[in-house]
Amino acid sequence: MPELPEVETVRRGLAPALVGATIARVELRRHDLRFPFPQRFAARLQGRRVLDLRRRAKYLIADLDDAHSLIMHLGMSGSFRIDDDTPGVFQHKRDKSAAHDHVVFHLDHGKRVVYNDPRRFGCMLLIPTHAIDEEERFRGLGVEPLGDALDAAFLAGAFQGRAAPVKALLLDQRLIAGLGNIYVCEALHRAHISPLRATGLLVTASGRPTAALARLPQAIKDVLKDALEAGGSSLRDHRQIDGSLGYFQHSFRVYDREGAACPTPSCKGTIARVVQSGRSTFYCPRCQK
DNA sequence: ACACTATCCTGCAGGC
DNA sequence: TGCCTGCAGGATAGTG
């Protein structure tokens with residue numbers, strides 16, 4: 001479900017409840033998500049205070065007071081909510097989505113944080129805080145798209161000589177960490193680059209970014225910032241922690257808009273849908289070259 | 001190395 | 001109404 005703007009929205013919503021709080025008890029309602037939970041997961045979290053809640057790529061990182069960090073990934077359908085911790089009573093008791101409330105963090109201040117994930121593609125890990133950067137899954141992560149490291153020269157270096165379509169490389173977390181299907185489609189439209197374009201063709205013979213590629217980093221940053229400001233995109237699962245919906249989906253220019261008119265001023269194109277590496281791509285064949 | 005597929009899992013929308 | 005198919009915001013093991 002969530003890409004960088006949604007994960008960051010979740011982080012901002014959870015932080016006031018989690019940071020500084022002590023975990024009184026953890027209720028594990030199944031033994032695995034995408035992977036089995038770590039050994040003695042609930043016991044190891046009990047009594048720990050949360051020092052900070054950070055984000056790296058699409059991961060949430062809760063630093064604990066025992067020099068370990070709780071790493072959380074929401075997969076496609078993971079979400080958090082905060083409930084009053086009324087004993088035994090679940091807010092969504094009659095709702096069948098309660099069947100997918102997999103982890104409940106009971107906090108010392110009378111609230112509980114509930115992790116819900118129907119498809120269970122999410123995961124939670126516990127690793128020593130100092131070892132996060134060396135951890136296999138983090139070591140391989142690419143640059144943060146909102147950071148200074150993402151610029152045209154960086155992309156030119158990564159794209160040079162490669163035949164893969166630009167959409168595929170932008171989705172590759174080893175290159176840029178945090179983009180997903182929505183924001184890649186949206187950024188490419190803003191930059192007027194076709195998602196089908198071979199990446200190598202966006203680099204000149206001397207290894208410099210073409211004019212089109214030069215537009216891409218800012219297009220990526222702009223769409224992420226706009227989405228963050230809107231609280232992310234709510235298609236089905238994502239909500240802000242207070243329960244309100246993100247509203248960036250109303251600002252999509254191409255995503256999920258097959259057949260609609262291209263929003264580019266004076267472009268008379270129609271948004272098309274194609275499938276690339278098994279996933280829907282939306283773009284305007286007329287103004288994205 | 002690289003490009004692409006299949007796969008994990010559930011829910012939902014659409015066609016018949 | 002039910003049954004079927006395909007699709008969904010991610011990541012990764014496996015294939016040529």
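**Entry 1: Pro118 and DNA strand B**

I looked first at Pro118, where a backbone N or O atom lies 3.5 Å from a sugar or linking oxygen of DNA strand B; a polar contact here is a pair of N or O atoms within 3.5 Å, and within protein one atom must be able to donate a hydrogen and the other to accept it, while residues adjacent in sequence count only if both atoms are side-chain atoms. I note that this is a predicted model, in which local features need pLDDT of at least 70, side-chain atom pairs count only at pLDDT 80 or more, and totals for chains, interfaces and linings use all residues. Residues are numbered from 1 along each chain as its sequence is written, chains are lettered from A and ligands numbered from 1 in the order in which they are written, and side-chain values use heavy atoms, with hydrogens and water left out.

I then looked up two more contacts: a polar side-chain atom of His100 lies 2.7 Å from a phosphate oxygen of DNA strand B, and an N or O atom in the side chain of Arg119 is 2.8 Å from a base oxygen of DNA strand B.

**Entry 2: The surroundings of the strand**

Which residues surround DNA strand B? I listed His100, Pro118, Arg119, Arg120, Phe121, Arg162, Ala163, Ala164, Pro165 and Ser277, where near means that a heavy atom of the residue lies within 4 Å of the strand. Of the atoms of DNA strand B that come within 4 Å of the protein, sugar and phosphate account for 65%. I sorted the surface near DNA strand B into five nonpolar, two polar and three charged residues, with Ala, Val, Leu, Ile, Met, Phe, Trp, Tyr, Cys and Pro as nonpolar, Asp, Glu, Lys and Arg as charged, and the others, Gly among them, as polar.

**Entry 3: H4 against H7**

I turned to the helices, which are DSSP runs (H or I, at least four residues) numbered from the N terminus. The axes of helix H4 (residues 152-159) and H7 come within 8 Å and cross at roughly 120°; axes are lines fitted to C-alpha atoms over the stretch in contact, and angles run from 0 to 180 degrees between N-to-C directions. H4 is therefore oblique to H7, since angles under 35 degrees count as roughly parallel, over 145 as roughly antiparallel, 65 to 115 as roughly perpendicular and the rest as oblique. On the H4 side I found Ala152, Leu155, Ala156 and Phe159, and on the H7 side Leu213, Ala214, Leu216 and Pro217, with contact meaning heavy atoms within 4.5 Å. By class I noted eight nonpolar, no polar and no charged residues where H4 touches H7.

**Entry 4: H6 against H7**

Helix H6 (residues 181-190) and helix H7 (residues 211-229) have axes that come within 8 Å and cross at roughly 125°, so I recorded H6 and H7 as oblique to each other. The contact of H6 with H7 has nine nonpolar, no polar and four charged residues.

Terms used. Helix = DSSP H or I, 4+ residues; strand = E, 2+ residues; numbered from the N terminus.
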